[in-house]
Amino acid sequence: WVFAGGLVGIGIMGGCFSFLCGESGGVPRRQIDAAKHGFELAFGKSATHYGAAPGRIEVLGNHTDYNEGYILSAAIDKFCVIVARRTEDSAGVMVSSEGRFERVTAQVNDIQKGYDTQSWANYIKGVLVELQQRGVELGGFEMYVHSEVPTGAGVSSSAALEVATAQVVKALGFSPEVFSKLGNLELIKACKDAENNFVGMGCGILDQFSSAQGQAGKLVFLDCRDLSFKLVPFPSNAKWVLANTHTPHALVDGKYNALRAACERAADAFKVNDNNITHLRDVMTTKFEDWKGLLDGDTARVAKHIVYENERVLAGVAALKRGDLPALGRLLSESHASSSKDFGNSCDQLDTMVNLAQGIPGFLGGRLMGGGFGGCTLNLVQASKAEAFAAELAARYERETGIKSQTIIVATGNGATSGRA
């Protein structure tokens, strides 16, 4: 069976930053239509089904997910849309692409990892492998991808691609009885496992969970230990502004995994005092201050960030419940300071962008997002001043660095979906 598709629109079609959005935070119909048009140009026929998944913002909870901690996040109104149709062949898998993405080929029963210019397809391949391991019997299909989730910006374009892949495979009707038993949570885990096991990046479940379970007008408060979550209302008098530093955000180079290993070392060291500790989630700030002498300096700073970040998430939820946006903003800024000084996943460009936001009217707080090491900052801004803030921050960054930044105002959006194209 043949699986073919093109990855178009990620930094190519429509641009990385689009101000068009769907009604009520849902996937825009015009984006599905654009993907269908691309499919017809590529394959000379019509797509039958689509899967869509949004990017996400990480409000608070930086690197807490794999430490079984807490997260406050949201899906955004920027989507990855995949359209596809089944084919009658059963021999192999082919991913055809345009722009800077190469054509990729594989076999349905022997999906192998790609490298260099073919590595982009590993996010798709990994999901297919994980679905097969869960009992899904794949046939051939043709696929075309149209994404408006900014790449390399820290809003998890990779998770959007993974979750959209799972959605479109489900929509195509492969092994419906298996999918009915898997449920949404197992699909989320399959997408996370694809990134861990096939791509090779030891991420937690934040990205895939937020992309799948987000809801317009709400933030997702997730407990990463038992994956229970609550939707927390986000007030309409505030907006989120992303500011792109244009520093590449690449995590599969050892830095992310090295930080995760440091967290695990810290948790293991603290077991000397409490054998019930399995992750840094189990360490309160008071205990950390008592026990930090068990750690070397670098590991202690990494662990400090995680322990205090968990408390910032809980404080952020409380601030939202009482409508205290200035308090939420202060927590964002404290989180960034911790990332920069303790955890070590910031960079000069991110620090510069956060510092330049200070004093601009409407600014309530800001921080780096996601894995760090580049990408975008996230800024909490009064809604009435969001557009002026975005323009002024971009101008300040260009004057300071000589780099033309892109800023975008995003809204909370709905999570992953699928259906007939």
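**Exercise 1. Decide whether Trp240 is buried or exposed.**

*Solution.* Start with the relative accessibility of Trp240, which is 1%. The cut-off for buried is under 20%. Trp240 therefore counts as buried. Keep in mind as you work that this is a predicted model.

**Exercise 2. Work out how the rings of Phe234 and Trp240 are arranged.**

*Solution.* First, set the scene: the structure holds ten aromatic pairs. For Phe234 and Trp240, the ring centres are 5.1 Å apart. Rings pair if their centres lie within 6.5 Å. Next, look at the angle: the planes of Phe234 and Trp240 stand at 20 degrees, so this pair is stacked. Finally, check the partner: Phe234 has a relative accessible area of 12% and is buried.

While you have the rings on screen, look for a cluster too: Phe270, Phe288, Trp291 and Tyr308 are linked by ring pairs.

**Exercise 3. Check the length of helix H1, then find which face its buried residues line.**

*Solution.* Helix H1 covers residues 29-43, which is 15 residues. At 1.5 Å a residue, H1 should span 21 Å. The C-alpha atoms at its ends are 21 Å apart, so expectation and model agree.

Now list the buried residues of H1: Gln31, Ile32, Ala35, Gly38, Phe39 and Phe43. Viewed down the axis of H1, these buried residues fall within an arc of 120 degrees, so they line one face of the helix. What do the buried residues of H1 pack against? Their partners are strand E2 (49-60), strand E3 (70-86) and strand E6 (141-147). Just past the end of H1, Gly44 has a positive phi of about 70 degrees.

**Exercise 4. Follow helix H9 from its N-terminal cap to the residue after it.**

*Solution.* Begin at the cap. Asp324 caps the N-terminal end of H9, with a side-chain oxygen 3.2 Å from the backbone nitrogen of Ala327.

Then test the length. H9 has 19 residues (325-343), and at 1.5 Å a residue it should span 27 Å. Its end C-alpha atoms are 25 Å apart, which agrees.

Next, look at burial: the buried residues of H9 include Leu328, Leu331, Leu332, His336 and Asp342. Last, step past the helix to Gly344, where phi is positive, near 85 degrees.

**Exercise 5. Describe the whole chain in a few numbers.**

*Solution.* Count the elements: the chain has eleven helices and 13 strands. Turn to burial: of its 421 residues, 59% are buried. For the surface, the chain exposes about 16200 Å², with carbon and sulfur atoms supplying 48% of it. Finish with contacts: among those between residues at least 6 apart in sequence, 75% join residues at least 24 apart.

Note on methods: Residues numbered from 1 in each chain as written. Predicted model: local features only at pLDDT ≥ 70, side-chain atom pairs only at ≥ 80, totals over all residues. Heavy atoms only, no water. Helix = DSSP H or I, 4+ residues; strand = E, 2+ residues; numbered from the N terminus. Buried < 20%, exposed > 50% of the residue type's maximum accessible area, 1.4 Å probe, protein only. Contact = heavy atoms within 4.5 Å. Areas by Shrake-Rupley, 256 points an atom, 1.4 Å probe, with all protein chains shown as cover. Expected span 1.5 Å × (residues − 1). Arc of directions from axis to C-beta. Phe/Tyr/Trp six-rings, centres within 6.5 Å; stacked < 30°, edge-to-face > 60°. Polar contact = N/O pair within 3.5 Å; in protein donor to acceptor, adjacent residues only side chain to side chain.
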